[in-house]
Amino acid sequence: MQSSIRNFAIVAHIDHGKSTLCDRLLELTGTIQMRDMHAQLLDSNPIERERGITIKLAPVRMIYTRTGWNPAGGRQGSTLSNILNLIDTPGHVDFSYEVSRSLAACEGALLVVDATQGVQAQTLANLRLARQNKLTIIPIINKIDMASASIEKTSGELQELGFREEDILKISAKTGENVEKVLEAVVQRIPPPRGNPDSPLRALIFSSQFDAHKGVVIYVRVVDGSIRFDTKLTLQFLASGAQVTPIELGHFFPAMNSRPGLEAGEVGYIATGLKDIRMARVGDTITVPGASVEALAGYHEPKPMVFLGLFPVDSADYEHAREAMERLRLSDSAFSFRPISSLALGNGFHCGFLGLLHAEIVQERLLREFDMTMLATTPSVEYRLTLTGWNPAVRRQGSTLSIQSATEFPDPSLIEETKEPVMRVTVFTPSRFVGRVMQLAQEKRGQQMNMIYHNDQVELEYLIPLSEMIIDFFDRLKASTEGYASLDYEFFDYQSIEVVKVDILVNKERVDAFSFLTVAQTADRRAREIVERLAGAIPRQQFEIPIQATIGGKVIARADVKSFRKDVIAKLYGGDRSRKDKLLKKQKKGKAKMKRIGNVEIPQNAFFAVLKRQ
C-alpha cells in the first residue's frame with residue numbers, strides 16, 4: 001500500500017500558476033468531473049477567488065491510473081494505480097507558515113516558475129524551505145504557451161539553482177500541454193512514505209478547522225501505524241493529553257469523503273467532535289491511549305511581526321468577536337490575539353500578524369465568515385527595551401522589556417536602549433528599475449548587503465527596519481517598478497534606534513487610540529499628518545478645539561477645529577460701539593467657560609477616517 005503513495009506539495013511565487021496546475025491534475029486523474037470543474041477549484045474561500053491568491057493550504061487525494069510495466073507480474077500492459085496526495089500552498093510571503101506546514105507533511109514538491117517572469121523572490125524562499133525539509137524537488141517551467149515566454153532564459157536560471165536541464169519539465173497548465181509528464185515525474189521521482197505500518201499509531205496534525213456539526217476537524221498525515229474507524233475507538237493528543245472518540249475519518253476528494261480508516265503514509269482528516277478548540281493544536285501528535293511513542297517534530301510557533309488593535313464597532317459584540325477569533329485561529333495558526341481595553345474604543349483585542357496582507361485578510365474573514373466589523377488601530381512592530389536600574393531577577397543592571405503598542409511604552413527616563421526588528425529583504429527587479437528601488441530603500445533607512453545580476457534581472461538584498469515596511473513599502477515598490485518587482489523578506493535581527501512615543505491630545509485630553517511609536521527623525525512629519533486629518537474628521541463645536549501632538553511635554557504639531565460663531569450683534573442697528581463690544585465680550589467669556597468645562601466626544605467615524613488612512 002505505502003509503495004503506491006506519493007505525498008507532494010506545489011510551491012511557487014504568487015501568480016505563477018499553482019492553482020491552475022492543480023486544476024489540470026484534478027482533471028487528468030478524474031478526481032473532479034468536468035461538469036463540476038471551475039477555475040481555482042482548491043481555492044474554496046471566496047476571498048481567494050476574488051483576489052486571485054491562495055491564503056490557506058488545501059489537500060486533495062487523487063488516484064492516478066495508467067498502463068505500463070508491472071514488475072510483480074513481469075509483463076507490459078498492466079494497469080497501475082498510485083495514490084497522489086497533493087497539498088496546494090499559498091505564494092505570498094505573508095502566508096509562508098502555511099507553506100512550511102505543508103512541506104512537513106510531504107516527501108516531494110513541485111517548484112513552479114512562470115516562463116514570462118523567471119525566478120522570483122518567493123521562488124527562492126520556497127526552494128530554500130523545501131531543501132531544508134530534504135524533499136525531492138521537481139522543477140517546472142509553466143506558461144510556455146505565452147508569446148512573451150522566455151523558456152531558455154528561465155531554464156538557465158533554474159540550472160543556476162542546481163537543477164539539471166533534463167530534469168526540468170516545460171508545461172502549460174492553462175492548455176494542459178505536457179501536464180501528463182508532471183504526474184509521471186511525481187510517480188517516478190518522489191519516494192513513497194517510509195513509515196512503519198506495524199508500529200503504534202503516530203499522526204501529525206498539519207492543519208485544522210471548526211465545523212458546527214463535527215466540532216474540530218484536524219488534517220493529519222499518518223506517519224506510523226493505522227486508524228480504523230470504530231465507535232469505541234479512542235485517540236489521544238500527546239501535547240494536550242486530551243482523549244477523543246472520533247465521529248468520522250476520511251480523505252479529501254477535495255471535499256471531505258468519509259472512509260473506514262487511514263493507513264500509514266496517507267493524508268486525511270479526523271472529525272473529533274471537540275467543541276473546545278484549544279485541545280487540538282497544529283503540530284501536535286495523535287496516537288492511541290497507552291502507546292509508548294515519541295512525539296513528532298511538529299512546527300516552530302510562528303512569530304508575529306505586525307501588531308494592531310481590533311475593536312468591535314458595537315461594544316455589545318465583544319463576546320461574539322472573541323469566539324469568532326478563537327475559531328479563526330484554529331484555521332490560521334499564525335494569527336494571535338489577547339484582550340485589551342481602551343478608554344476611547346472600549347474592549348478589544350491586541351492582534352499579531354505575519355504582515356499587513358495577513359492582517360487585511362483576517363479582518364475580511366471576520367466580516368464575511370462571522371459578520372464582525374472591526375475597527376483597526378495603527379499597525380506597529382515589537383520593540384525591545386533595556387531599562388535602567390537594578391533587576392533582582394537576573395541580579396544585574398538593566399532589565400529587558402518587549403512592547404508591541406504605544407500604550408505599553410514606559411517613561412523615557414527609564415529607558416537605556418531601544419531596539420527595533422530589522423528584516424533581510426530580497427528584491428528581484430528588471431535592471432532598468434534598479435535606481436528607483438535603491439532610492440526607495442534609502443528612504444526606508446535600508447542598508448544594502450548584496451546585488452547580483454541574473455541576465456536582465458537584478459537581485460538586491462537589503463536590511464530594512466520592519467517599521468518602515470509595514471506602511472507603504474510594498475505599494476511603492478510595485479509602483480516604482482511598474483509591477484515587475486517581487487519581494488521576499490525574513491527576520492534578521494534587532495538593532496538600536498531612537499524611538500519616541502507621540503501622544504495625540506484633543507482639547508488637552510490624551511486619546512490613547514491615536515498614540516503611536518516612531519523614529520525620532522520622522523516624528524514631526526507623521527505628527528503633522530495625524531493632527532491635520534483629525535482636525536478634518538472631528539465635527540465643530542461651540543468652542544474652538546485644539547488638537548496637539550506631543551512628545552513628553554513638548555508640542556510638536558497642532559491643528560484647530562474652528563468653533564461655530566453666533567452673530568450676537570445682528571439685532572443691533574447703529575448706536576454706540578460700546579454696546580457691540582459689550583455683547584462680543586460676553587460671548588467670548590461664555591466660550592471660554594464652555595471650553596474649560598466641556599468635553600469633546602470623538603465620533604466613531606472620526607476613528608475610522610484617521611486610523612484607516614494611517
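This is a short walk through the structure shown above, from the whole chain down to single residues.

Let us start with the overall picture. The model is predicted, so keep in mind that everything below describes a computed structure. The protein has 614 residues, and 53% of them count as buried. DSSP runs give 13 helices and 31 strands. How do residues far apart in the sequence figure in the contacts? If you take the contacts with a separation of 6 or more, residues 24 or more positions apart account for 70% of them. On the outside, the protein exposes about 28500 Å², and carbon and sulfur atoms supply 48% of that area.

Now let us go to the beginning of the chain. An unreviewed UniProt entry carries the annotation "binding site" for a set of residues, among them Asp15, Gly17, Asn142 and Lys143. Such annotations may be inferred rather than shown by experiment. Find Asp15 in the loop between β1, residues 5-12, and α1, residues 18-28. Gly17 has its place in the loop between β1 and α1 too.

Is Asp15 buried or exposed? Its relative accessibility is 52%, and because exposed means over 50%, Asp15 counts as exposed. For Gly17 the value is 13%, and because buried means under 20%, Gly17 counts as buried. Next, look at what these two residues touch, setting aside the residues up to four places away in sequence. Asp15 is in contact with Asp114, Gln117 and Lys143. Gly17, for its part, touches Asn142 and Ala173. Lys143, a contact of Asp15, is also listed in the "binding site" annotation, as is Asn142, which Gly17 touches.

Let us move further along the chain, to a sheet. Which strands form it, and in what order? The order is β18-β19-β17-β20, so to speak reading across an open sheet of 4 strands with antiparallel pairing. At its edges are β18 (336-342) and β20 (374-376), each of which pairs on one side only. From one strand to the next, the twist averages 35°. Inside the sheet, antiparallel strands β17 (residues 306-312) and β19 (residues 346-353) are joined by 5 bridges. You can find one point of this pairing by looking for Val306, which stands opposite Phe353 in β19.

Helices accompany this sheet. Helix α7, residues 318-331, packs on the sheet and touches β17, β18, β19 and β20; its direction makes about 15° with that of β19. Helix α8, residues 356-370, lies across β17, β19 and β20 and runs at about 20° to β17.

Finally, look at the aromatic rings here. A pair of aromatic rings is described by two things, the distance of the centres and the angle of the planes. The protein has 8 aromatic pairs. In one of them, the rings of Tyr318 and Phe349 have centres 5.0 Å apart and planes at 5°. Planes under 30 degrees apart count as stacked, so this pair is stacked. Because Tyr318 lies in helix α7 and Phe349 in strand β19, the pair ties together parts that are 31 residues apart in sequence. Tyr318 is buried, with a relative accessible area of 16%, and Phe349 is buried as well, at 0%. Tyr318 and Phe349 belong to one aromatic cluster together with Phe335, Phe337 and Phe353. Phe353 is the residue you met opposite Val306.

Technical notes. Residues numbered from 1 in each chain as written. Predicted model: local features only at pLDDT ≥ 70, side-chain atom pairs only at ≥ 80, totals over all residues. Heavy atoms only, no water. Helix = DSSP H or I, 4+ residues; strand = E, 2+ residues; numbered from the N terminus. Buried < 20%, exposed > 50% of the residue type's maximum accessible area, 1.4 Å probe, protein only. Contact = heavy atoms within 4.5 Å. Pairing = 2+ DSSP bridges. Axes fitted to C-alpha atoms, helices over the stretch in contact; angles between N-to-C directions. Areas by Shrake-Rupley, 256 points an atom, 1.4 Å probe, with all protein chains shown as cover. Phe/Tyr/Trp six-rings, centres within 6.5 Å; stacked < 30°, edge-to-face > 60°.
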